[in-house]
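Please read the following walk through a two-chain model alongside the sequence and coordinates. The paragraphs take the chains in turn and then the spaces between and within them.

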Amino acid sequence: MSGGRPSVHGKFDGLGRFADPSVLILTSLSDGPKHGYAIMTDVAAFSGVGMEPGTLYGALSRLERRGWVRPLATEERRRPYEITAAGQEVLAAQLAAMQQIVRVARGRTATAFGT
Amino acid sequence: MGPELAARLSRFLVGCYPRRWRQRYAVELLEVLNQHRPTARTVLNLWAGAACAHLDPAWRAGRHPAIRLRRWAYIFSGIAAVLLVFALGISFLAWREEQGNTGPPLPLSGGIFGVALSPDGRTVATISANLEMWDVADRANPWRLAYTKGDIAIGADPAFSPDGRVLATAGGGGGILWNVADPARPAKIVDLPGPGGVGAVQFSPDGRILASSYGGTVALWNIADPAHPARTATLHAPVPPPATVNFCPNAALAFSADGHTLTMVEDSITVTQWNVTGPGAVARLTTSTLSSIGAGPVAFSADGRTLAGARTTGDTVALSALP
């Protein structure tokens, strides 16, 4: 991960165990603001990951502190969140790094298993 | 875990997050929980989340110093309460043990090696490995007043001072002076050194001199101040016992009624008398050998002129008139 290659965790390092849920949350918010429960159902739908409320709000509070998501006005006790420009930037960097891994993995598994 | 219990625990755990965290997120998190179906996994996840938030400096930093102070006060008072309970428990156990040490006579388990009656006839001191004090004012109902543990090792006859306020004990661990002004609370005053153990102790009739014997030797102590006994003379018997038997429980010391003569019998066979006219002025008077006493414990009559010896076989006592 040196020599200018994108690092998987990079800026996500400080998120600790919330790094992976954060990618999912940022991805979920990429097509528009969502409140907590909507994020959980959306993540479950596109990734199959059953995120618990404790994990969701642990990650959301950290993302908000970093300025990667922004809370919007409350609607009937539900508060929607939207991704910020900074959030889009780090998500793009993270996805690029993951893509790099996917590319290498595909190449190596094709050689090894012929897939 | 049933869904109802999981939901209740989940709501409870939301209340366990740090205050600032709750002010910001609790309402929406509770709303998510209303829509979500909580399971045991949800409960565990919230518990871990609350713990994480408490460890996160971001949720602690802004807390008012008074709140932090209050939290530390809770923690310290909790620790203090636990320590207090322990201290009270230990005190209670000690008190109960002390209570258990008084009472009517108990069956003897280890045997008694020495006994002495106080000058006023109201108290008996017995020596096993321990010192026990007994109230015998009512002869029919002796009552144990006190019990001290393990100071004496194997003991011999103790001796009361003429005024009954000090008790000297002899034993394998050396000699000990005890303050027994209150017989229910014997308090150790000082140790009397005696290499290999002290075999016998005796006070002079005026209570100013204490004689202690060990290994064929008698030490005379000025105990005008019992807390600081001063050794005034060391007397050697002509026939010391074998070096391997330093501690000789079958020894006895007696002062004559006028306090001028000290008699020692050791190992039940060798009797030595000294003229003890005063500290520093001592002279051996006689040494004789008695073969009729037997090898058991020995004791003098009040005037120091008759020696009683217990035989180790049978249940007889031999009396011998001293020269």
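What percentage of the 115 residues in chain A is buried? The share of buried residues in chain A is 38%. This value, like every other one here, comes from a predicted model. Chain A contains 4 helices and 3 strands, and their order along the sequence is α-β-α-α-β-β-α. Among the contacts in chain A with a separation of 6 or more, 52% join residues 24 or more positions apart. The accessible surface of chain A is about 6200 Å², and carbon and sulfur atoms account for 54% of that area.

Chain B has 323 residues, of which 41% are buried. Its secondary structure consists of 5 helices and 19 strands. For contacts in chain B with a separation of 6 or more, the part made by residues 24 or more positions apart is 43%. Chain B exposes about 17000 Å², with 61% supplied by carbon and sulfur atoms.

Several residues of chain A deserve a look one by one. A:His35 belongs to strand S1 of chain A, which covers residues 34-35. Is A:His35 buried or exposed? A:His35 is buried, because its relative accessible area is 17% and the cut-off for burial is under 20%. Leaving aside residues up to four places away in sequence, A:His35 touches A:Arg78, A:Arg79 and A:Pro80.

The loop between strand S2 (69-71) and strand S3 (80-83) of chain A holds A:Glu76, and A:Arg77 is found in the loop between S2 and S3 as well. Most residues other than glycine have a negative phi. A:Glu76 has a positive phi, near 50 degrees, and A:Arg77 also has a positive phi, near 70 degrees. As for accessibility, A:Glu76 is exposed, with a relative accessible area of 73%, whereas A:Arg77 is partly exposed at 46%.

A:Arg77 leads across to chain B, where B:Glu28 sits in helix H2 (residues 19-35). Which residues does B:Glu28 touch, not counting residues up to four places away in sequence? The contacts of B:Glu28 are A:Tyr57, A:Arg77, A:Arg79 and A:Tyr81. B:Glu28 is a buried residue, with a relative accessible area of 4%. A:Arg79 thus appears in the contact list of B:Glu28 and in that of A:His35.

Residues of both chains also meet around an enclosed space. The whole structure has 1 cavity of 30 Å³ or more, and the largest cavity holds about 40 Å³. Its lining takes A:Phe18, A:Gly58, A:Ser61 and A:Arg62 from chain A, and from chain B residues that include B:Tyr17, B:Trp21, B:Cys52 and B:Trp59. The elements that give two or more residues to this lining are helix H3 (53-66) of chain A and helix H3 (40-55) of chain B. By class, the lining of the largest cavity has 6 nonpolar, 3 polar and 1 charged residues.

B:Cys52, one of the lining residues, is partly exposed at 24% relative accessibility. Another cysteine, B:Cys16, is also partly exposed, with a relative accessible area of 28%. How many disulfides does a search of the whole structure find? The search finds 0 over all chains.

Next comes the largest pocket, with a volume of about 650 Å³. It is lined by 28 residues, and those closest to its centre are B:Pro158, B:Ala159, B:Gln202, B:Leu253 and B:Phe300. Strands S1 (114-117), S5 (159-160), S9 (200-203), S13 (251-255) and S17 (298-300) of chain B are the elements that give two or more residues to the lining. The largest share comes from S13(B), with 5 residues. The lining residues of the largest pocket divide into 22 nonpolar, 5 polar and 1 charged.

S9 of chain B also marks the end of a loop worth noting. B:Gly197 is placed in the loop between strand S8 (187-192) and S9 of chain B. B:Gly197 is buried, with a relative accessible area of 2%. Its C-alpha atom is separated by 4.0 Å from that of B:Gly172, although the two glycines are 25 residues apart along the chain.

Methods
Residues are numbered from 1 along each chain as its sequence is written. Chains are lettered from A and ligands numbered from 1 in the order in which they are written. This is a predicted model: local features need pLDDT of at least 70, side-chain atom pairs count only at pLDDT 80 or more; totals for chains, interfaces and linings use all residues. Side-chain values use heavy atoms; hydrogens and water are left out. On a 1 Å grid over the protein atoms alone, a cavity is a set of points where a 1.4 Å probe fits but cannot get out, and a pocket is an open set with protein on both sides within 12 Å along at least five of seven lines; lining residues have an atom within 4 Å of a point. Grid points are joined across faces, edges and corners, and a volume is the space filled by probe spheres set on the points. Ala, Val, Leu, Ile, Met, Phe, Trp, Tyr, Cys and Pro count as nonpolar, Asp, Glu, Lys and Arg as charged, and the others, Gly among them, as polar. Buried means under 20% relative accessible area, exposed over 50%, partly exposed in between (1.4 Å probe, protein chains only). Contact means heavy atoms within 4.5 Å. Accessible areas come from the Shrake-Rupley method with a 1.4 Å probe; for residues, only the protein chains shown count as cover. A disulfide is a pair of cysteine sulfur atoms within 2.5 Å.
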